[in-house]
Amino acid sequence: MATIRDVAKLAGVSVATVSRVLNGTARVSDEATRAVLNARECLNFHLNANARALASQESDTVGVLVSSVDDPYFANMIKACDETAWSHHKMVLVTQGYYDGQREIMALNAMIARQCAGLVVHAIAIPDEIMQRYMEHFPYMVLVNRLLKGFESRCVNINNIGGMELAVSELTSAGRRKIVFVNSSLKILDATYRYQGYMNALKKAGISEDQAFCLNVPPTLEGGVQAAGQLMPRIRQIDGIACYNDAQASGIINTLLTNGIRVPEDISVTGFDDLPLSRVIHPALTTVTNPSDTIGKCATELTLALHDGRSYTLPEFETRLIRRRSVVKI
């Protein structure tokens, strides 16, 4: 059986570096991380046991990796994961990646070292080639909000393009033509797909591509405030704002109202996710459903079924437009 020294020798790094990468105890350069993970794959090595032993040992824990627990979307998902795991007499171990590849690898390795019986992973910064190795070694690992070629049956996603088309089409149907898209500044697949949905909706409404305008800000309340601040110099030239998520939309609405801009009369606004926040802000937010609780439940059911050798079929995750009061016809 290979040892950690064998991995270090093959990777051309120190034993300490191998330990840091596999235990997730400190930051290591991307080059060294790739070398260690490649060596581990060649030698089929994992801390405490090889991959086969890890997969066969019993555990009462489901590992859940999310980007940030203070994001309401992930808070809902974690709760659903926990309730589902509990129904199978298991607990959840939650780790955070903060949209950083190194942090995600460290968090994922920490869960693997604890021999979790299931792995629900939202990791968008780990390169595809590295993630593919993880998926190959751990056939019960399930990805959330990420589509990885060759592992589609273990990827849990919604139709982000179609969902954003619904939101932007609601604005165009209300007569809005000068529509800004406030997107996430994070380099994530959801942001790419939602931007495509925005462009598709403009095209269907006969709005030319050169009329499109997009801002990239953090997907948070503060990001929405930042976006509104950037838009204020040209605010009279805008009649609609479609947001990447509800948090941004809430920050934008509050800032617009504070500056005397009427919502929805002067500018109509849409969100995405249908979080509880969207129902209590004023005006209540027109948004698109993104069932994070159902996604968490189904991802947990799938990973446990794969671990136990049972069959489980993922359902369709519907995106629906929820009409409230933040959009009005001109």
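Helices here are DSSP runs of H or I with at least four residues, numbered from the N terminus. In this predicted model, one such helix is α10, which covers residues 221–231 and includes Leu221. Leu221 has a relative accessible area of 40% and so counts as partly exposed, that class lying between the 20% and 50% cut-offs. On the surface, Leu221 joins Leu277 and Val280 in a nonpolar patch. Together, the three residues of this patch offer about 250 Å² of accessible area.

Now for the pockets. The largest pocket holds about 420 Å³ of space. Its lining runs to 25 residues, and those closest to the centre are Asp71, Pro72, Tyr99, Pro219 and Asn245. Helix α10 turns up again here, as one of the elements that give two or more residues to this lining, along with α5 (72–87) and α9 (189–204). It is α5 that makes the largest contribution, with three residues. Sorted by class, the lining of the largest pocket comes out as 13 nonpolar, six polar and six charged residues.

The second largest pocket has a volume of about 230 Å³. Here 14 residues make up the lining, and Cys155, Val156, Asn157, Ile158 and Asn159 are the closest to the centre. At least two lining residues each come from β5 (155–156) and α9. This time α9 takes the largest share, again with three residues. As for chemistry, the lining of the second largest pocket has nine nonpolar residues, three polar ones and two charged ones. Helix α9 thus supplies residues to the lining of the largest pocket and to that of the second largest pocket.

Technical notes:
Residues are numbered from 1 along each chain as its sequence is written. This is a predicted model: local features need pLDDT of at least 70, side-chain atom pairs count only at pLDDT 80 or more; totals for chains, interfaces and linings use all residues. Side-chain values use heavy atoms; hydrogens and water are left out. Patches are made of residues with over 30% relative accessible area and no salt bridge: like charges are joined within 9 Å, nonpolar side chains (Val, Leu, Ile, Met, Phe, Trp, Tyr) within 5 Å. Accessible areas come from the Shrake-Rupley method with a 1.4 Å probe; for residues, only the protein chains shown count as cover. A salt bridge is a side-chain nitrogen of Lys or Arg within 4 Å of a carboxyl oxygen of Asp or Glu. Buried means under 20% relative accessible area, exposed over 50%, partly exposed in between (1.4 Å probe, protein chains only). On a 1 Å grid over the protein atoms alone, a cavity is a set of points where a 1.4 Å probe fits but cannot get out, and a pocket is an open set with protein on both sides within 12 Å along at least five of seven lines; lining residues have an atom within 4 Å of a point. Grid points are joined across faces, edges and corners, and a volume is the space filled by probe spheres set on the points. Ala, Val, Leu, Ile, Met, Phe, Trp, Tyr, Cys and Pro count as nonpolar, Asp, Glu, Lys and Arg as charged, and the others, Gly among them, as polar.
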